[in-house]
Amino acid sequence: HKRGMEAPKRRRARCGCCAGCKEVDCKTCLACRDMPKYGGAGKVKQSCVKRKCCRPLLPVAAACTVCGLDGWGAQPDHRRQAPDMSSGLYECLLCFDIIHLQCVGGGQRAQGEILSRLPNSWECNKCLGGREAV
């Protein structure tokens, strides 16, 4: 099977704009000392503690579990570049379900809680147990 055609993992990607993304490796933390470019074995496979992204984004090919479309209303394609506008998908940080807010039925959107600490994230009504959002 072709390597370039496999589906991407669902983890978030660096934003590329925050201070953490623009920082240089410190070369002294555990992650840096383990990197092959600094003479390490390469087993930790983590970024430098100074280079942690504070606003990681959903992958371009992430799809809504209800309608199956990506955050821009098209069929998901991991080979395409993300458009300039932000994605319309939201990921629940408790159950990791990815969904368009307009695809949530029964007025549940108002009962879920959109989170500001991470882009495109919320806590869905199912995970909040039906209690009112703060």
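**Reading R12 and its surroundings**

Visitor: Which residues does R12 touch, not counting those up to four places away in sequence?

Guide: P56, L57, L58, P59, E91, L118, P119, N120 and S121. Bear in mind that this is a predicted model.

Visitor: And where is R12 found?

Guide: In the segment before helix 1, which spans 19-22.

Visitor: How do I read burial here: is R12 buried or exposed?

Guide: Look at the relative accessible area: buried means under 20%, exposed over 50%. R12 comes out at 18%, so R12 is buried.

Visitor: What does the side chain of R12 make a polar contact with?

Guide: The side chain of E91, at 3.0 Å. There's a backbone partner as well: the oxygen of P56 lies 3.0 Å from a polar atom of the R12 side chain.

Visitor: C17 also has its place in the segment before helix 1. Is C17 buried or exposed?

Guide: Use the cut-off of over 50% for exposed. C17 has a relative accessible area of 60%, so C17 is exposed. As for C54, 37 residues apart from C17 along the chain, the two C-alpha atoms are separated by 9.6 Å.

Visitor: Back to L58, one of the residues R12 touches. What is L58 in contact with, leaving aside neighbours within four places in sequence?

Guide: R12, L89, E91, I98 and N120. L58 also belongs to the largest nonpolar core, which has 11 residues in all, including L89, C92, I98, W122 and C124.

Visitor: Which elements give two or more residues to this core?

Guide: Strand 1 (89-92) and strand 2 (98-100). Apart from this core lies another, of 5 residues, among them C29, C32, M35 and C48.

Key:
Residues numbered from 1 in each chain as written. Predicted model: local features only at pLDDT ≥ 70, side-chain atom pairs only at ≥ 80, totals over all residues. Heavy atoms only, no water. Helix = DSSP H or I, 4+ residues; strand = E, 2+ residues; numbered from the N terminus. Buried < 20%, exposed > 50% of the residue type's maximum accessible area, 1.4 Å probe, protein only. Polar contact = N/O pair within 3.5 Å; in protein donor to acceptor, adjacent residues only side chain to side chain. Contact = heavy atoms within 4.5 Å. Core = buried A, V, L, I, M, F, W, Y, C linked by side-chain atoms within 4.5 Å.
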